[in-house]
Amino acid sequence: MREPWVVGVSGASGTPYAAAVVRGLLDAGQPVDLIVSRAARLTVLDETGRPFRDAHWAEDLAGWLGRDLAPDDVRHWPAGDIAAGPSSGSYRVRGMAVVPASTAACAGIAIGLSKDLLQRAAEVNLKERRPVVLVPRETPVTRSHLEHLIALHDAGAVVLPASPGFYGSGASATAAQLVDFVAGKVLDALGVPHTLFRRWSGELAAER
């Protein structure tokens, strides 16, 4: 029985993080249910030069990820489809990552707004006590944003800011390495194995 991870992509800058998380899940043999918010489609276009269209989502996603997809790898749910599978707790999934998580998405999930399928799916996974990871990228943050993040933490979510570490590759780290570090931390929080970054070994500058 297919039991995917839900990946929600909100409109914040940081779509490379989302692509890296999806690739990491697929590399681990984990199927994905994908929800791309309306605002995120504009961000994807701006950051990658690629559209993301409901009618051509498989083609657009393959181009975005830079790989071919098997039929069962990814299922796409339009953000406006509130009756979609992930809107119900009876729809079996392993959990959810919202990456990147905009301040609006964090606020909506924290207060139970259910503005779209992304917010509704996150709320469902929280109430079902499944793993939920949110990756806020905004900086600096306001008091209201911090309050929403605290509410999400108290509801059981893992709040995982997009804060890459440099110990794996040092000051010469590439953008791809920094993206993979954050994506790897998301996969760690979900309990999914990966090799996206070199783990700290206790030795300074070990085999960079």
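Is Asp60 counted as buried or exposed? I looked this up before anything else. At 7% relative accessibility, Asp60 counts as buried, because the cut-off for buried is under 20% relative accessible area. I note here that the model is predicted.

**Entry: Asp60 and its helix**

I placed Asp60 in helix H3. I then listed what Asp60 touches, leaving aside neighbours within four places in sequence, and found Pro51, Phe52 and Arg53. One of these contacts, Arg53, also meets Asp60 in a salt bridge between side chains, at 2.8 Å from N to O. Arg53 is partly exposed, with a relative accessible area of 35%, whereas Asp60 is buried.

Next I read along H3, which covers residues 57-65. Asp60, Leu61, Ala62, Trp64 and Leu65 are buried there. Which elements do the buried residues of H3 pack against? I found two helices, H1 (15-27) and H2 (38-48), and the strands S1 (5-9), S2 (32-36) and S3 (74-76). After H3 comes Gly66, and I noted that its phi is positive, near 75°.

**Entry: other salt bridges**

How many salt bridges does the structure hold? I recorded eight. Besides the Asp60 pair, I looked at two of them.

In one, the side chains of Asp33 and Arg2 meet at 2.7 Å, N to O. Asp33 lies in strand S2 and Arg2 in the segment before S1, so this pair ties together parts that are 31 residues apart in sequence. The two partners are not covered alike: Asp33 counts as buried at 0% relative accessibility, and Arg2 is partly exposed at 24%.

In the other, Asp54 and Arg41 meet through their side chains at 2.6 Å, N to O. Asp54 sits in the loop between H2 and H3 and Arg41 in helix H2, 13 residues apart, and the pair links these distant parts of the chain. Asp54 is partly exposed, with a relative accessible area of 38%. Arg41, at 17% relative accessibility, counts as buried, because buried means under 20%.

**Entry: Leu134**

I moved to strand S5 (residues 132-136), where Leu134 lies. Leu134 is buried, with a relative accessible area of 1%. Which residues does Leu134 touch, not counting those up to four places away in sequence? I wrote down Val98, Ala101, Cys106, Ile109, Leu152, Ala157, Val158, Val159 and Leu160. I also checked the spacing to Pro161: Leu134 and Pro161 are 27 residues apart in sequence and 7.6 Å apart in space, C-alpha to C-alpha.

**Entry: Val186**

Val186 lies in helix H7, a helix that covers 175-190. At 0% relative accessibility, Val186 counts as buried. Leaving aside neighbours within four places in sequence, I found Val186 in contact with Val21, Ala97, Val133, Val135 and Leu160. Leu160 is also on the contact list of Leu134. For Pro4, I looked up the distance between C-alpha atoms: Val186 and Pro4 are 182 residues apart along the chain and separated by 15 Å.

**Entry: a patch on the surface**

I then turned to the surface. Which residues make the nonpolar surface patch of about 370 Å²? Tyr167, Trp200 and Leu204 make it. I looked more closely at Leu204, which lies in the segment after helix H7. Leu204 is exposed, with a relative accessible area of 77%, because exposed means over 50%.

**Entry: the largest pocket**

Rolling a probe the size of a water molecule over the atoms shows where empty space is left. What is the volume of the largest pocket? I noted about 230 Å³. The largest pocket is lined by 14 residues. Of these, Ser37, Ala39, Lys115, Asp116 and Gln119 lie nearest its centre. I also asked which helices take part in the lining. H2, helix H4 (103-111) and helix H5 (117-127) each supply at least two residues. Helix H2 had come up before, as one of the elements that the buried residues of H3 pack against.

Technical notes
Residues numbered from 1 in each chain as written. Predicted model: local features only at pLDDT ≥ 70, side-chain atom pairs only at ≥ 80, totals over all residues. Heavy atoms only, no water. Patch = residues over 30% accessible without salt bridge, like charges linked within 9 Å, V, L, I, M, F, W, Y side chains within 5 Å. Areas by Shrake-Rupley, 256 points an atom, 1.4 Å probe, with all protein chains shown as cover. Salt bridge = Lys/Arg side-chain N within 4 Å of Asp/Glu carboxyl O. Helix = DSSP H or I, 4+ residues; strand = E, 2+ residues; numbered from the N terminus. Buried < 20%, exposed > 50% of the residue type's maximum accessible area, 1.4 Å probe, protein only. Contact = heavy atoms within 4.5 Å. 1 Å grid on protein atoms, 1.4 Å probe; cavity = no way out; pocket = protein on both sides within 12 Å on 5 of 7 lines; lining within 4 Å. Points joined across faces, edges and corners; volume = space filled by probe spheres on them.
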